[in-house]
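Student: I should like to learn how to read a protein model, beginning with burial and charged pairs. Could we take one feature at a time?

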Amino acid sequence: MLLQGKTAVVTGGSRGIGLAIVKRFLAEGANVALCGSRPETAQKAVDAILSENPDAPVMGLSPDLTDEAAVEAAFASAKERFGGLDIVCNNAGISQSTPLGDYTADDFDKVIDINIKSVLNGCQAASRLLSAGGVIINTSSMVSKNGQPSGVGYPMSKFAVNGITASLARELGPAGIRVNAVAPGVTATDMVAALPEEMIKPIADAIPMKRVGAPEDVANCFVFLASDLAAYVTGEILHVDGGMTV
Ligand code: NAD
């Protein structure tokens, strides 16, 4: 097992890509604290995992990710519960598709708060709680390469995630902490998976590998980057998009 005895925190771990990361980390022997936006959603995900495996070393947290002190306290509680902290995944995020002319200040604030500030807060808390050998992995997106035709706030935020990742790889490298990002393409989380075949097909046809990604495709890359297999990998933005951005 690649993560035996390690402890991880995963924000946005209650569903979608984050929940797939949580499950893969548990399967690789890690203890995992998953964060949801509310205590009920975090607990629902924990209960679902425990119903399949009552002994799974998993706990739920729901800090306000825009509040650095709350984030650090939550991550510290996972460290306390499991006796250490090794991996922090800043994965929570929202998407936007609003045309520029319709954007409000509130739209900009929202995407900055959830997609940038929460990643910065998670990285700052991680830098205080991780020791040498620790790993930070942020969730970026394929749109961090070429943008997208509407909803400028979303690619803006993911370009920022790449910038945070590259900068902190340089800043935290001397302390032995690796910082990487995973940039998913179109991934079949609940919302995408629920679309009818006729809507999925044109999306899949535009992808060199002719299918949308599964959450597990993305989660497998988190496992790699979190593990010692990636011991000399830092500052990398790993695209997991079936060749969409090649
Ligand atoms: P999702 O909507 O299924 O899950 C989002 C997660 O983020 C949930 O656990 C939710 O609780 C959490 N979250 C959202 N707003 C929050 C808030 N205000 N406070 C705390 N937590 C909050 O989405 P997903 O598709 O699994 O996305 C996960 C990450 O992957 C995001 O960063 C997203 O930008 C990125 N991504 C997704 C895709 C895709 O096609 N699904 C593609 C590229 C990148």
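Student: Is glutamate 68 buried or exposed?

Tutor: Buried means under 20% relative accessible area, exposed over 50%, and partly exposed in between, with a 1.4 Å probe and protein chains only. Glutamate 68 has a relative accessibility of 18% and therefore counts as buried. Please note that this is a predicted model, in which local features need pLDDT of at least 70 and side-chain atom pairs count only at pLDDT 80 or more, while totals for chains, interfaces and linings use all residues. Residues are numbered from 1 along each chain as its sequence is written, and side-chain values use heavy atoms, with hydrogens and water left out.

Student: With which residue does glutamate 68 form a salt bridge?

Tutor: Side chains of opposite charge can pair when their charged atoms come close. A salt bridge is a side-chain nitrogen of Lys or Arg within 4 Å of a carboxyl oxygen of Asp or Glu. Glutamate 68 pairs in this way with arginine 128, and their closest N and O atoms are 3.1 Å apart. The pair links distant parts of the chain, since glutamate 68 belongs to helix H3 (residues 68-82) and arginine 128 to helix H4 (residues 105-129), 60 residues apart. Helices (H or I, at least four residues) and strands (E, at least two) are DSSP runs, numbered from the N terminus. Arginine 128 is partly exposed, at 46% relative accessible area.

Student: How far apart, N to O, are glutamate 72 and arginine 128 in their salt bridge?

Tutor: The distance is 2.9 Å. Glutamate 72 lies in helix H3 and arginine 128 in helix H4, so this pair ties together parts that are 56 residues apart in sequence. Glutamate 72 is partly exposed, with a relative accessible area of 23%.

Student: What is the order of the strands in the open sheet?

Tutor: Two strands pair if DSSP finds at least two bridges between them. Here an open sheet of 7 strands follows the order S3-S2-S1-S4-S5-S6-S7, with parallel pairing. Strand S3 (58-61) and strand S7 (237-240) stand at the edges with a single partner strand each, so one side of each has no neighbour in the sheet.

Student: Over how many bridges do S6 and S7 pair?

Tutor: Strand S6 (residues 178-184) pairs with S7 in the parallel sense over 4 bridges. Within this pair, alanine 183 stands opposite histidine 239 in S7.
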